[in-house]
Amino acid sequence: MIEIRDLQIKYDDFIAINDVNFEIKEGEFFTLLGPSGCGKTTTLRSIAGFLKPSKGSINVNGKNIINIPVEKRELGMIFQSYALFPTMSVYDNIAYGLKIEKRSKSQIQERVLELADLVELNEEQLQKNVSDLSGGQQQRVAIARALAKKPNIVLFDEPLSNLDAKLRKQLRLELKRIQRETGMTAIYVTHDQDEALEISDHIAVFNDGKIEQIGTPREIYDHSATEFVCNFIGEANSIGSDLIQYINDHTDKNRFNPEAKHYIREEKIKLWVPSNSQAVPINATVVDGVFYGTFSTYICKALDTTLRIIVKEDGNTTIDSKKELTIYIDPKDILEYGG
Amino acid sequence: MNSSKITKFRESNYLSKIPFYLFCIFIAWFILSLLILPNINVLVDIFWVDGQLSLSAFDRLSRSDRAIRAVLNSFLLASVLTITVNIVGTFIVLATEYFDIKGAKLLRVGFMSTLVFSGMVLNNGYLYVYGQNGVLTNLLLQVFPNMDPNWFTGFPAVLFVMTFACTTNHMLFLRNGVKGLDNNTIEAAKNLGSNQWQVLRQIVFPTLFPVIITLVIMSFQLGLGAMAAPTMVGGEFETISPLILNFTQRPASRDLAALLSIILGFAQIILLIVMTRNEKKGNFMSISKTKTRVVKQKIENPVLNGIVHVLAYVLFLIYLIPLVLVVLFSFMNLQGISQSILSLEYFTLDNYADILSNRSNFGPLLTSMVYSGGAAVLAVLFMILVARLVMKNKKNKLAEWTEYLFYIPWLLPGLMIALGLIISYDSPSLLLFGNSVVGSVWILPLIYLIMMLPSTLRYIKGAYYSFDNNLEDASRILGSSSIRTFVQVILPALLPTALALVALNFNNFLADYDLSAFLYHPAYPTLGIAIRKNADAANNVNAAAVNLVYSVIIMGVSAIMFYIVYGRGSKIGERKSGIKKSKKVIKAPVIETGIGDTGVSDPTTGGK
Amino acid sequence: MKKKWLLTLTSAMTLFLLGACSSEESGENTGDGGNNDENKEVLVYSNSLAGGRQEWIDEKATEAGFDVQYVEAGGGEVLNRLLAEANSPQADVTFGMDEAMFFELLDEDLFVEYEPSWVNELPEETNIGEGYFHPLVEQRIFLMYNEEFVSAEEAPENWQDLSDMTEFAQKYRVPAQLGSGTDQKAILSILLQYVDEDGELGIAQEGWDEVEQYLANGYQTPENEEQLQNFADGSVPISYHFLGGIPAAEEEFGFTAVPINPEQGVITMREQIAIINKGEDNDYSAAEEFVDWFGSAEIQSAFVEEFGGLPVNEIASESASDRLLEIAEATEPMEVDWNFVRENLNAWIEKVELELMP
């Protein structure tokens with residue numbers, strides 16, 4: 001449905017993004033993820049039409065839209081700062097796009113009420129001034145406003161980053177629900193990897209104006225294509241050269257290049273394994289531990305490497321500091337970059 | 001369409017660009033034919049004598065101790081004033097908006113009085129208190145009979161008057177800043193164990209820092225351009241602006257005026273650059289999205305609380321007594337006025353009856369209201385558009401220069417700009433589409449408009465910083481055209497500032513005399529002309545009384561204007577733009593940077 | 001929303017009003033030219049219209065069949081405006097100001113030659129305008145003292161005497177600014193006694209020194225004080241004033257002024273009237289009629305009876321008030337080369353302002 005080809009955007013001489021390519025299918029929830037300044041918002045704004053690419057094309061249903069002005073693109077967009085019109089009531093904010101389409105009063109009212117229902121705003125709130133609403137409510141208004149004209153594609157520019165953690169989680173689920181209910185295609189910009197993993201069908205990880213990897217959340221997590229992606233998504237332990245050498249020594253083949261960098265995700269380090277496992281047992285010393293209720297984390301030292309491991313609490317295991325133990329690392333879980 | 005230049009403009013619709021290009025052409029025409037050409041012509045006219053450059057003005061000025069002293073005095077005044085005005089200004093804002101002071105509403109009225117009570121009239125009022133026959137002087141004389149009754153003169157007197165007269169900007173802008181503070185940050189600081197003073201010093205002031213810097217610069221400029229106070233109470237303490245006005249009025253001395261004015265103008269431009277830097281550094285006042293309104297802080301220390309209360313009310317009296325006396329004296333007859341004695345014996349309504357019964361006085365009032373009102377509205381609308389262009393193309397050198405060119409009127413006194421227009425267009429000119437400015441009705445409002453541009457642009461630009469850039473994007477993506485976005489979204493958001501500016505500009509030019517005398521159309525004399533006619537000391541011994549009555553009338557008109565346009569307007573505006581309660585914007589709520597009216601660029605209200 | 005309408009409404013109204021004004025104006029222009037004898041249109045520039053004068057003139061002029069419009073401002077401003085508009089003059093007639101200013105305007109070729117019907121009623125020596133401008137009202141600027149506080153013996157004999165009289169140090173008024181004609185004349189009263197071709201700007205060094213000392217020893221009235229009040233209550237019992245203003249000032253402030261007549265006499269200047277040069281094609285008949293009418297003995301008499309003043313017109317001068325005639329008797333006009341003054345006045349004033357004023 002949406003096809004971005006060889007996209008490049010320049011600010012004066014500075015190349016903000018380069019060589020960006022991706023495709024989004026209809027009804028998909030597609031996330032652009034990356035640290036700030038990586039070019040994800042720039043990409044989104046060029047899709048919206050606020051920025052004009054210096055190279056490349058943006059095709060929607062096979063048609064290049066880069067020369068179509070913003071207001072004719074028929075996209076919805078939700079902003080980080082909500083960008084609600086301060087001089088209008090909640091109702092007028094939601095109705096704004098419909099009024100531009102010159103819909104009849106009754107049509108507008110019907111649609112606004114429908115949207116209010118969708119985003120769970122009540123009628124009393126509709127008559128209020130936007131500044132009288134809480135942050136979460138304001139974001140609901142922003143969503144309703146963006147959806148008013150039933151756009152096929154909705155762009156989200158870090159819409160939840162200004163909310164507190166709990167509200168963020170709650171609205172995240174709601175966004176997903178609304179996306180499913182309306183069947184829209186969502187392009188979502190965030191720097192929050194948990195959010196990206198939870199909400200997306202596909203993720204494009206941006207770094208330094210380029211896409212590092214595109215894939216489903218699981219692909220990105222389990223098979224991070226680059227060291228950057230590996231570090232940016234989830235938590236990973238860096239494995240030192242001594243430990244890699246040790247693992248190389250204890251496996252059939254010399255499978256790891258000692259010159260490369262190696263990582264393993266915290267939860268992939270096991271304290272016990274089935275007997276048919278390929279995992280390499282390693283002696284380690286516990287340095288510190290924290291109890292989180294359903295799980296605990298331990299900091300262990302093994303050869304030249306400090307590892308953080310996650311252990312699911314079943315109520316039976318207690319691990320003391322300074323205790324020696326054996327940990328298991330399955331070579332297939334080790335991510336290798338460069339070399 | 002692929003060049004990077006076009007990306008800067010971010011506009012991509014051919015059709016919607018037509019008005020944009022037309023507007024660009026209009027700006028280019030305006031700058032070229034109304035700002036650059038006339039001023040070059042007037043400078044050439046002044047400095048080119050007999051076909052060669054004459055720089056004798058430098059020589060004549062440098063030989064004049066008086067002129068050099070005046071320049072130094074202006075800078076001295078500006079420097080010291082910066083400190084005193086900001087102390088008083090900050091105090092009155094904190095007293096009315098931040099601390100829990102009993103009767104804050106009443107105090108606010110007093111502190112806001114300088115909005116309408118300014119210029120010569122204000123100085124006159126202060127003299128009724130501190131002057132030779134002033135109320136306070138008489139009291140002091142009873143205690144210290146040997147005291148010099150003329151004690152209120154020179155630098156200290158000028159400093160005193162201006163310290164209180166120049167806090168208008170604080171009441172407008174710092175007040176908005178304090179109102180925009182996030183109460184949560186204050187509570188957080190208290191929670192971390194800060195006492196009230198620490199909260200103020202470590203949380204409140206740093207948050208307000210950009211506004212305060214702007215105000216520091218504005219105070220400095222007010223000091224530099226000081227006009228009314230040095231003339232009225234300065235005595236031997238002379239400053240530049242009265243000299244400039246003086247020299248401007250004599251054709252042979254105009255080169256001196258131009259030179260002095262350019263000195264002042266450059267000081268202004270340097271400050272402007274400093275201020276622009278300050279703006280660029282960021283206006284990020286608060287990143288909180290769910291801001292809570294500041295709860296007025298009760299001062300915990302009872303002694304301190306008492307002191308602050310007393311101070312606030314003393315200041316209130318300092319602000320209000322001169323105003324009250326001006327109003328009262330306008331009801332006294334000439335004996336009462338000239339001896340500064342308030343007494344029922346001298347009470348008379350004749351002063352008012354004379355002026356109000358004369359129907360020919362209403363025409364000029366109406367003319368002045370239309371001229372300065374029209375110029376004010378158009379100047380604000382024009383600068384809203386220009387500021388938008390400038391803000392949208394921040395990195396574009398052309399846009400940057402466009403902005404600076406609009407500050408040209410700061411470089412020369414109004415009279416000289418008027419002269420430039422006359423020199424350039426005293427016969428029908430193609431640049432004015434076959435019109436000539438001489439003898440036209442619209443040249444006077446046009447000059448008003450030109451003189452209003454620089455400070456209007458400053459303030460409007462500041463206001464643009466105060467709201468979310470995404471608003472515009474949001475509107476566009478909902479299908480709204482650029483023009484519709486501008487009218488429905490941007491204009492309403494700018495409205496409180498725009499209206500305040502209309503009112504300020506209106507007041508500045510309502511009673512203009514110097515420009516009027518030069519340019520008014522015979523069929524439409526202005527208020528300034530009418531005042532002079534009725535209050536010319538050479539022809540009317542009653543001049544002082546007539547002046548007082550006019551002062552009171554002008555204050556009344558200004559006050560009404562402020563009430564209609566700003567008082568009520570800003571309440572609605574504030575509510576709508578959400579300044580009061582929660583905040584949706586990252587940028588500062590209101591960092592309105594502007595450069596105050598200086599005697600150079602604006603004629604003082606009530607002068608002459 | 002309401003506010004927005006307010007703004008729109010104000011803008012619309014403004015545009016409308018401005019539009020209305022200009023269209024009205026263009027209507028006037030079409031009727032301009034003074035061809036219509038019924039309605040003789042004249043545009044007058046003058047500094048002598050304040051204090052009810054304009055209304056009075058307007059009433060009489062309408063009776064006489066004129067349709068007069070006025071531009072009224074201070075003398076300096078009227079001069080500036082006439083000079084600025086030199087390339088497309090607007091005014092038909094100007095009157096007021098003084099000889100020096102009229103010479104300056106004459107230099108710019110701003111007048112047309114005209115001999116008014118009342119020219120023969122003027123004393124010949126007063127009519128110095130080379131046929132281009134003619135005197136209306138005489139004004140003398142003289143030193144005076146308040147007889148209540150200063151006796152004839154104590155009083156100075158000449159302006160420059162004051163600088164050495166310690167008993168009057170800071171007790172005589174000196175100009176605080178030199179914007180107004182009267183204030184400038186105080187300086188001229190001294191300078192013109194020291195004319196010297198070789199001196200700076202045509203004035204001997206002694207003259208400059210005298211001015212400097214005169215200014216340094218005197219009292220500059222601050223903006224907030226009324227100099228006449230100071231004169232009346234004796235705090236500044238020596239001052240200077242213009243003749244026409246004396247009767248009203250004496251009445252209002254309750255003093256009797258005694259003029260001082262130095263050996264060189266007192267500066268006497270005369271307000272003038274002239275027709276503005278608007279090109280060869282212009283029809284000057286209305287302007288000429290106006291000059292004939294306004295300068296006539298009949299109107300000048302009535303004018304001074306109403307507003308005071310000393311008409312140059314010998315027939316009209318009989319109508320001047322007794323007090324004015326009394327002072328006029330007590331002073332003698334000083335001989336002044338107004339052309340010389342006009343050439344140097346600006347430079348003199350500038351030098352005094354820049355270098356000599358305290």
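What is the mean pLDDT of chain C, and what share of its residues reach 70 or more? The mean is 85, and 89% of the residues in chain C get to 70 or more. Keep in mind throughout that this is a predicted model. For the complex as a whole, the predictor reports an ipTM of 0.73 and a pTM of 0.74.

Confidence in chain C depends on where you look. Strand β4(C), residues 111–112, has the highest mean, at 95, while α1(C) has the lowest, at 46. Over residues 16–36 of chain C, pLDDT stays under 50, and for that stretch the model has 18 contacts beyond four places in sequence.

Now for the place where chain C meets chain B. Chain C puts 52 residues into this contact and chain B puts in 60. On the chain C side, the elements giving two or more residues are α1 (2–30), β2 (66–72), α3 (75–84), α8 (246–253) and α12 (338–356). The largest share, eleven residues, comes from α1(C), and α1(C) is also where confidence in chain C is lowest. Sorted by class, the chain C side has 20 nonpolar, 18 polar and 14 charged residues.

Chain B itself has 26 helices and two strands. Of its 608 residues, 55% are buried. Taking the contacts in chain B with a separation of 6 or more, 80% are between residues 24 or more positions apart.

One helix pair in chain B is worth a stop. Packed helices are described by the angle between their axes and the distance between the axes. Helix α22(B), residues 470–477, packs against helix α23(B), residues 482–510, at an angle of about 155°, and the axes are 10 Å apart. That angle is over 145°, so α22(B) counts as roughly antiparallel to α23(B). The crossing of α22(B) and α23(B) is right-handed. On the α22(B) side, the contact is made by B:L471, B:E472, B:S475 and B:R476, and these meet B:T485, B:V489, B:I490 and B:A493 of α23(B). By class, that contact comes to four nonpolar, two polar and two charged residues.

Over in chain A, helix α2(A), residues 90–100, is mostly covered, with eight of its eleven residues buried. Those buried are A:V90, A:Y91, A:N93, A:I94, A:A95, A:Y96, A:G97 and A:L98. The cover over them includes α3 (105–118), α4 (123–126) and α5 (135–147) of chain A. After α2(A) comes A:K102, with a positive phi near 60°.

The backbone of chain A has other spots with that sign of phi. Most residues other than glycine have a negative phi. A:D6 and A:N61 are set out below.

| Residue | Phi | Place | C-beta neighbours within 10 Å |
|---|---|---|---|
| A:D6 | about 50° | strand β1(A), residues 2–11 | 12 |
| A:N61 | about 50° | loop between β4 (55–60) and β5 (63–64) of chain A | 10 |

Are A:D6 and A:N61 buried or exposed? A:D6 counts as exposed because it has 12 C-beta neighbours inside 10 Å, and the cut-off for exposed is 12 or fewer. A:N61, with 10 other C-beta atoms within 10 Å, is exposed too. A:D6 is not a glycine, and neither is A:N61. As for setting, A:D6 belongs to a strand, whereas A:N61 sits in a loop.

Note on methods:
Residues are numbered from 1 along each chain as its sequence is written. Chains are lettered from A and ligands numbered from 1 in the order in which they are written. This is a predicted model: local features need pLDDT of at least 70, side-chain atom pairs count only at pLDDT 80 or more; totals for chains, interfaces and linings use all residues. Two residues are in contact if their C-beta atoms, placed from the backbone, lie within 7 Å. Helices (H or I, at least four residues) and strands (E, at least two) are DSSP runs, numbered from the N terminus. Ala, Val, Leu, Ile, Met, Phe, Trp, Tyr, Cys and Pro count as nonpolar, Asp, Glu, Lys and Arg as charged, and the others, Gly among them, as polar. pLDDT is the predictor's confidence in each residue, from 0 to 100. Axes are lines fitted to C-alpha atoms, for helices over the stretch in contact, and angles run from 0 to 180 degrees between N-to-C directions. Angles under 35 degrees count as roughly parallel, over 145 as roughly antiparallel, 65 to 115 as roughly perpendicular and the rest as oblique. A crossing is left-handed if the near helix is turned anticlockwise from the far one by less than a right angle, and right-handed if clockwise. A residue is buried if 20 or more other C-beta atoms lie within 10 Å of its own, exposed if 12 or fewer, and partly exposed in between; C-beta atoms are placed from the backbone.
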